[in-house]
Amino acid sequence: MLDKYYREIENLLPNSVLVGDAVSDKYAVDWSAEDAHQPTIVVRPKRVEDVSALLAYCSANRLSVVTQGGLTGLSGGATPQQDEVALSLELLSGITDIDQQSMTLSALAGTPLAELQQAAQDAGFYLPLDLGARGSCTIGGNVATNAGGNQVLYYGMTRALVLGLTAVTADGTVVRSMNKMLKNNAGYDIKQLFIGSEGTLGVVTEVVLRLYPQAVSKKSALCAFSHFDDVVEFLQAMQRRLPKVTAFELMWSNYTERVYAMNPSYRDPFNKKHPLYVLIEAEGGDLERDSQLFDEVLADYLEQGGLVDAVIAQSHADAEKFWQLRDGVMSILANIKHRANFDVGVPVSVMSEFVQRVEQVLSETINDLKLCTFGHMADGNLHILAWTDSGGEADKAKAVAFIYQKVYEIVGDMDGTVTAEHGVGAMKRKYLHLCRSEEEIALMRLLKQAMDPKGILNPNRVL
Ligand SMILES: Cc1cc2nc3c(=O)[nH]c(=O)nc-3n(C[C@H](O)[C@H](O)[C@H](O)COP(=O)(O)OP(=O)(O)OC[C@H]3O[C@@H](n4cnc5c(N)ncnc54)[C@H](O)[C@@H]3O)c2cc1C
C-alpha cells in the first residue's frame with residue numbers, strides 16, 4: 001500500500017528514502033526481538049525541517065509513522081507495524097552546542113548516548129545518563145522513553161537531565177523549547193509532554209541536557225547480605241553517611257549464579273555463596289578523604305552485622321569486573337529464547353514480599369521454573385527473567401505468556417508499575433490498566449487526541 005506514496009516522499013525529501021532491498025533487517029525490530037516487521041519505506045531526514053515536512057505530508061495523507069532511534073528499546077515501540085512509514089533519526093545526529101558557563105550540552109536526537117558522554121567529558125564535564133545500550137541508543141530515544149539506568153538514585157531519570165528540547169508534532173509543527181535554565185516557570189512545561197511519551201505525542205529532534213562537574217573520586221564495592229531488610233538499612237545508612245551514592249544494584253543469588261555459570265571466565269570474589277549481593281558506587285570531590293570514608297563506613301557495617309562480607313574495588317579494572325556481573329544479563333538473554341523479561345517497579349517496602357510471591361505463584365503452575373532477579377533496587381525497579389526448560393517450544397512459549405500475565409497481576413495488586421524504565425511500547429499496552437487508573441488513562445487518551453487527532457504517531461503503542 002505504501003508503494004504509491006514512495007515517489008512523493010522521495011520528491012519531498014530527496015536522497016533520504018530507502019525502499020526495497022535498501023531497507024536492511026535492522027529497521028524491522030527493536031531489541032525485544034518480538035514481532036519483527038520489515039518496513040516498506042524508511043525515511044532518514046538530516047534536518048529538523050525535513051522531519052516537519054515528512055510529518056505534514058503523512059498527516060495530510062493519514063499515513064502512520066513509527067519513529068526509530070537506535071532500536072535498543074525492549075518494548076516493541078520502535079518495531080514497525082503494517083503500513084507504517086519508518087522515520088529513522090540516525091542521520092539527524094551531532095552535537096550542536098556546549099555552553100561551558102550554563103553547563104549544558106545540546107545535540108540532535110539521533111546522536112548516540114556514548115558520543116554525548118564523550119563530548120561532555122572532553123569539555124571537562126559529566127553527563128550522568130548511562131545505560132548498557134549507550135553505544136547504540138540515541139538521546140532522542142532516551143528522552144522519548146525517559147530512560148533510567150545505573151545512576152538514577154542520585155542524578156534522576158532522563159527527565160531530570162533535560163532542560164529543553166525541540167519536537168515536531170503530528171501535523172509538522174516545530175515546537176522549539178531549547179531552554180537552558182534550571183528554572184523556568186512561565187506557563188506549562190511543554191517539554192514534559194514529549195519526555196517519556198514514547199513518540200506518541202511528537203518526534204523529539206533536538207535536546208538540551210544538564211551537565212554536572214566531573215567527580216574526583218569513585219569508589220565501588222560488592223557487598224554480600226543474608227536478608228533483604230539488612231540491604232534496605234544499609235542503603236539508607238550509606239546515603240546518610242556518604243556524600244553521593246550514585247549506584248545501588250541488588251542481585252539475588254539466582255541471578256549471580258546463572259551469570260557465573262554462563263561466563264566461566266568470571267570469578268566470584270567471595271569464598272562462599274550468599275543470598276543477596278549489592279554493587280554500590282559512591283562519588284566525591286576528594287580522592288583521599290572519600291576513599292578513607294568509604295572504607296570506614298563499610299568496615300563499621302561489617303562489624304555491626306547486617307553486611308556479611310564486602311570486596312572493595314582497588315582499581316578501575318576491579319570495578320569493571322563488578323559491573324560485568326551486573327551486566328551479565330546479556331549472556332542470559334542471548335541464550336534463552338523463550339523467557340519473560342520484566343522491568344517492573346514496586347515500592348521498596350514490599351519488594352521482598354513481591355519477589356517471594358512471584359516465585360510462589362509461578363512455581364505452583366510452571367514445572368522447572370527458572371528465575372533471575374536483580375535490579376536498580378533503590379529506585380524500586382526490579383528486573384526479573386523467568387522461563388522454563390520443560391516441554392517443547394510451544395509449551396515454553398505458553399509458559400512465558402502465563403508468566404507475563406501472573407507477574408503483572410501481582411504488580412498491580414501491590415501498587416507497582418508494569419514498567420519502571422523500558423516503557424509500555426506495543427508489548428505492555430494490555431497491562432497498562434493494572435498500574436494506571438481509569439482516570440489516568442482517560443487523560444492520556446485526551447492528550448493523545450488533542451496532539452495527534454489523526455492518530456498517525458506510533459499508533460498501537462502505549463495506549
Ligand atoms: C543492553 C541494554 C541495556 C539497557 N539498559 C537500560 C537501562 O538501564 N535503562 C533504561 O531505561 N533502558 C535500558 N535499555 C532500553 C533502551 O536502551 C532504552 O529504552 C533507550 O532509551 C532506547 O533508545 P533508542 O534510541 O534505542 O530508542 P528506540 O528503541 O529506537 O525507540 C524507543 C521508543 O522511543 C521512540 N523514539 C525513539 N526516538 C525518538 C524520538 N527522537 N522522538 C520521539 N520518539 C522516539 C520510539 O518510537 C520507541 O517508541 C537497555 C537496552 C539494552 C539493549
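These are my notebook entries on the ligand site and the internal cavities of a predicted model.

**Ground rules.** I number residues from 1 along each chain as its sequence is written. In this predicted model, local features need pLDDT of at least 70 and side-chain atom pairs count only at pLDDT 80 or more, while totals for chains, interfaces and linings use all residues, and side-chain values use heavy atoms, with hydrogens and water left out.

**Entry 1, ligand shell.** I looked up which residues surround the ligand, taking a residue as near if one of its heavy atoms lies within 4 Å. There are 35 of them, and Thr67, Gly69, Thr72, Gly73 and Thr138 come nearest. By class I get 14 nonpolar, 19 polar and two charged residues. Here Ala, Val, Leu, Ile, Met, Phe, Trp, Tyr, Cys and Pro are nonpolar, Asp, Glu, Lys and Arg are charged, and the others, Gly among them, are polar.

**Entry 2, polar contacts.** I checked backbone atoms against the ligand, a polar contact being a pair of N or O atoms within 3.5 Å. A backbone N or O atom of Gly70 sits 2.8 Å from a ligand oxygen, and one of Gly141 sits 3.5 Å from a ligand oxygen. For Val204, I find a polar backbone atom 2.9 Å from a nitrogen of the ligand. The protein covers 95% of the 960 Å² of accessible area that the ligand has on its own (Shrake-Rupley method, 1.4 Å probe).

**Entry 3, elements and domains.** β3 (64–68), α4 (139–145) and β10 (203–210) give two or more residues each to the ligand shell. α4 gives the most, with five. Helices are DSSP runs of H or I with at least four residues, strands are E runs of at least two, and both are numbered from the N terminus. The ligand lies between domain 1 (3–88) and domain 2 (95–213), because both give residues to its shell; the domain bounds come from an automatic or database assignment.

**Entry 4, largest cavity.** I counted three cavities of 30 Å³ or more. A cavity is a set of points on a 1 Å grid over the protein atoms alone where a 1.4 Å probe fits but cannot get out, and lining residues have an atom within 4 Å of a point. Volume is the space filled by probe spheres set on the points, which are joined across faces, edges and corners. The largest cavity has about 70 Å³. Its lining includes Ser217, Lys219, Asp290 and Phe294, and divides into five nonpolar, two polar and three charged residues. β12 (217–225), β14 (276–284) and α10 (287–304) each supply at least two of the lining residues.

**Entry 5, second largest cavity.** I find about 40 Å³ of space here. Of its 13 lining residues, Leu153, Phe248, Glu249, His376 and Asp379 lie nearest the centre. β13 gives the most to this lining, with four residues.

Definitions and conventions
1 Å grid on protein atoms, 1.4 Å probe; cavity = no way out; pocket = protein on both sides within 12 Å on 5 of 7 lines; lining within 4 Å. Polar contact = N/O pair within 3.5 Å; in protein donor to acceptor, adjacent residues only side chain to side chain.
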